[in-house]
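Q: I am new to this structure. Can you take me through the reasons behind the labels it carries?

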Amino acid sequence: MYTDPIADYLTRVRNAIKANHRVVEIPASNLKKEITKVLFEKGYITNYKFEDNDVQGTIKVALKYHPITKIPAIRNIDRISKPGLRKYAGMGNMPRVLNGLGIAIMSTSKGVMTDKEAKQLNVGGEVLCYVY
């Protein structure tokens, strides 16, 4: 049993990238599904599939690599808000990841979204992770 399922999700993706895997399977939850959708919309992963084969279900994530150089689209993925120390960002102090080149995935009252989308909707929330 793990205490931080989001950190487990990010670690599985990070380990799969370091091992040059094409697909990684992750135990599903609603928050993990939303994070996966954001990663797909922003072009960090090639595709994803939700499978409800057992009680919990799984998420199959197809990782994205450059076709010639084989460099992964996700260079770094870091957990920011942890169970022991939650990190929140209001409308006025949104995080800038890699000077605007990366994204911060946030959990807001209007759903899971990037920092730029949250700024457009004038909402703040919990900063889950940085991706670049």
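Q: Which residues touch the most other members of the largest nonpolar core?
A: This is a predicted model. The core has 26 residues. Ile35, Leu39, Leu63, Ile74, Ile105 and Val131 touch the most other members.

Q: What makes a residue part of such a nonpolar core?
A: Each member must be buried and joined to others through side-chain atoms within 4.5 Å. Buried means under 20% relative accessible area.

Q: Which elements give two or more residues to the largest core?
A: They are α1, β1 (23-27), α2, β3 (58-63), β6 (103-108) and β8 (125-131). Helix α1 gives the most, with six residues.

Q: Which residues does Ile74 touch, leaving out those up to four places away in sequence?
A: Ile74 touches Val13, Ile17, Tyr44, Ile45, Val131 and Tyr132. A second, separate core has 10 residues, including Ile80, Ala89, Met94 and Val127.

Q: Why are α1 and α2 called oblique to each other?
A: Their axes cross at roughly 40°. Angles under 35 degrees count as roughly parallel, and 65 to 115 as roughly perpendicular. The crossing angle falls in neither range, so the helices are oblique to each other.

Q: Where do these two helices run, and how do their axes meet?
A: Helix α1 covers residues 5-18 and helix α2 covers residues 30-41. The axes come within 10 Å. The crossing of α1 past α2 is right-handed.

Q: Which residues make the contact between α1 and α2?
A: From α1 come Pro5, Ile6 and Tyr9. From α2 come Leu31, Lys32, Ile35, Thr36 and Leu39. By class, six are nonpolar, one is polar and one is charged.

Q: Why does Val55 count as exposed?
A: Exposed means over 50% relative accessible area. Val55 has 90% relative accessibility, so Val55 counts as exposed. Val55 lies in the loop between β2 (45-51) and β3. Its C-alpha atom is separated by 9.8 Å from that of Ala28, 27 residues apart along the chain.

Q: Is Asn20 buried or exposed?
A: The cut-off for exposed is over 50%. Asn20 has 54% relative accessibility, so Asn20 counts as exposed. This residue sits in the loop between α1 and β1.

Q: What is noted about phi of Asn20?
A: Phi of Asn20 is near 60°. That is a positive value in a residue other than glycine.

Q: Why does Asn99 count as exposed?
A: Asn99 has 64% relative accessibility, and the cut-off is over 50%, so Asn99 counts as exposed. Asn99 is in the loop between β5 (88-89) and β6. Phi of Asn99 is near 60°, a positive value in a residue other than glycine.

Definitions and conventions: Residues numbered from 1 in each chain as written. Predicted model: local features only at pLDDT ≥ 70, side-chain atom pairs only at ≥ 80, totals over all residues. Heavy atoms only, no water. Axes fitted to C-alpha atoms, helices over the stretch in contact; angles between N-to-C directions. Helix = DSSP H or I, 4+ residues; strand = E, 2+ residues; numbered from the N terminus. Parallel < 35°, antiparallel > 145°, perpendicular 65-115°, else oblique. Left-handed = near helix turned anticlockwise from the far one by under 90°. Contact = heavy atoms within 4.5 Å. Nonpolar A, V, L, I, M, F, W, Y, C, P; charged D, E, K, R; others polar. Buried < 20%, exposed > 50% of the residue type's maximum accessible area, 1.4 Å probe, protein only.
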